[in-house]
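Please open the structure in your viewer and keep the sequence beside it, so that each selection can be followed in both places. The tour goes step by step, from the whole chain to a single side chain.

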Amino acid sequence: MNCRPRGGKPAVALWMLVAVIDLVLLAAAVGVLVSLLIVVAVLTVLAGGMVATRLLTKREPVARRRV
(Lines give C-alpha, C1' and ligand atoms only; values in the text may rest on other atoms or scores of the structure.)
Protein backbone atom coordinates (compact mmCIF):
# COMPACT_ATOMS: atom_id res chain seq x y z
CA MET A 1 0.00 0.00 0.00
CA ASN A 2 1.08 3.52 -0.69
CA CYS A 3 0.55 5.54 2.48
CA ARG A 4 1.88 8.82 3.80
CA PRO A 5 4.96 8.53 6.05
CA ARG A 6 4.47 9.64 9.64
CA GLY A 7 6.75 11.45 12.06
CA GLY A 8 8.21 13.98 9.67
CA LYS A 9 9.68 17.39 10.37
CA PRO A 10 6.38 19.29 10.06
CA ALA A 11 4.99 17.33 13.01
CA VAL A 12 8.02 18.21 15.15
CA ALA A 13 7.70 21.87 14.17
CA LEU A 14 4.03 21.82 15.12
CA TRP A 15 4.77 20.38 18.56
CA MET A 16 7.53 22.94 19.10
CA LEU A 17 5.04 25.69 18.28
CA VAL A 18 2.59 24.20 20.78
CA ALA A 19 5.35 24.12 23.42
CA VAL A 20 6.22 27.78 22.82
CA ILE A 21 2.57 28.78 23.07
CA ASP A 22 2.30 26.83 26.33
CA LEU A 23 5.28 28.73 27.72
CA VAL A 24 3.74 32.06 26.71
CA LEU A 25 0.45 31.16 28.38
CA LEU A 26 2.27 30.02 31.52
CA ALA A 27 4.28 33.26 31.62
CA ALA A 28 1.09 35.29 31.25
CA ALA A 29 -0.59 33.32 34.03
CA VAL A 30 2.18 33.69 36.64
CA GLY A 31 3.21 37.24 35.80
CA VAL A 32 6.16 39.01 34.25
CA LEU A 33 8.30 39.29 37.38
CA VAL A 34 8.04 35.60 38.25
CA SER A 35 8.78 34.65 34.65
CA LEU A 36 11.90 36.82 34.61
CA LEU A 37 13.08 35.35 37.91
CA ILE A 38 12.65 31.83 36.54
CA VAL A 39 14.57 32.69 33.37
CA VAL A 40 17.39 34.27 35.39
CA ALA A 41 17.57 31.22 37.67
CA VAL A 42 17.72 28.82 34.72
CA LEU A 43 20.42 30.86 32.98
CA THR A 44 22.44 30.98 36.21
CA VAL A 45 22.26 27.21 36.60
CA LEU A 46 23.26 26.69 32.97
CA ALA A 47 26.20 29.09 33.28
CA GLY A 48 27.35 27.36 36.45
CA GLY A 49 27.14 23.99 34.72
CA MET A 50 29.23 25.26 31.82
CA VAL A 51 31.89 26.64 34.17
CA ALA A 52 31.97 23.38 36.15
CA THR A 53 32.27 21.35 32.96
CA ARG A 54 35.17 23.45 31.73
CA LEU A 55 36.95 23.18 35.07
CA LEU A 56 36.48 19.43 35.29
CA THR A 57 37.53 18.70 31.70
CA LYS A 58 40.56 20.98 31.73
CA ARG A 59 43.69 18.88 31.37
CA GLU A 60 46.90 19.99 32.95
CA PRO A 61 50.10 19.52 30.94
CA VAL A 62 52.11 16.51 31.99
CA ALA A 63 55.84 16.96 32.18
CA ARG A 64 57.53 14.10 30.32
CA ARG A 65 61.11 13.08 30.83
CA ARG A 66 63.24 12.28 27.87
CA VAL A 67 65.01 8.95 27.94
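What follows is a short series of selections, each with a description of what is there.

**The whole chain.** Begin by selecting everything, and keep in mind that this is a predicted model. The protein chain has 2 helices and 0 strands, and of its 67 residues 1% count as buried. If you switch on the surface, you are looking at an accessible area of about 7200 Å², and 71% of that area belongs to carbon and sulfur atoms.

**Helix α2.** Next select residues 32-57, which make up helix α2, a run of 26 residues. From its first C-alpha to its last, helix α2 reaches 37 Å, which is close to the 38 Å expected at 1.5 Å a residue. Colour helix α2 by accessibility, if your viewer allows this, and you will find that it is hardly covered, with a count of 1 buried residue among its 26.

**The nonpolar patch.** Now select L23, L26, V30, V34, I38, V39, V42, L43 and L46, which form a nonpolar patch on the surface and together have about 820 Å² of accessible area. Which helices supply at least two residues each to this patch? Both α1, residues 9-30, and α2 do so, and the largest share, 6 residues, comes from α2. To see a member of the patch in the other helix, pick L26, which is found in α1. As you look along a helix, it helps to remember that an α-helix has 3.6 residues a turn, so residues three or four places apart point the same way.

**Residue S35.** Finally, select S35, which has its place in helix α2. Is S35 buried or exposed? S35 counts as buried because its relative accessibility is 15%, and the cut-off for buried is under 20%. Show the side chain of S35 and follow it to the backbone oxygen of A27, which it reaches at 3.5 Å. Leaving aside neighbours within four places in sequence, S35 is in contact with A27 and V30, and V30 also belongs to the nonpolar patch you selected before.

How values were computed. Residues numbered from 1 in each chain as written. Predicted model: local features only at pLDDT ≥ 70, side-chain atom pairs only at ≥ 80, totals over all residues. Heavy atoms only, no water. Helix = DSSP H or I, 4+ residues; strand = E, 2+ residues; numbered from the N terminus. Buried < 20%, exposed > 50% of the residue type's maximum accessible area, 1.4 Å probe, protein only. Areas by Shrake-Rupley, 256 points an atom, 1.4 Å probe, with all protein chains shown as cover. Expected span 1.5 Å × (residues − 1). Patch = residues over 30% accessible without salt bridge, like charges linked within 9 Å, V, L, I, M, F, W, Y side chains within 5 Å. Salt bridge = Lys/Arg side-chain N within 4 Å of Asp/Glu carboxyl O. Polar contact = N/O pair within 3.5 Å; in protein donor to acceptor, adjacent residues only side chain to side chain. Contact = heavy atoms within 4.5 Å.
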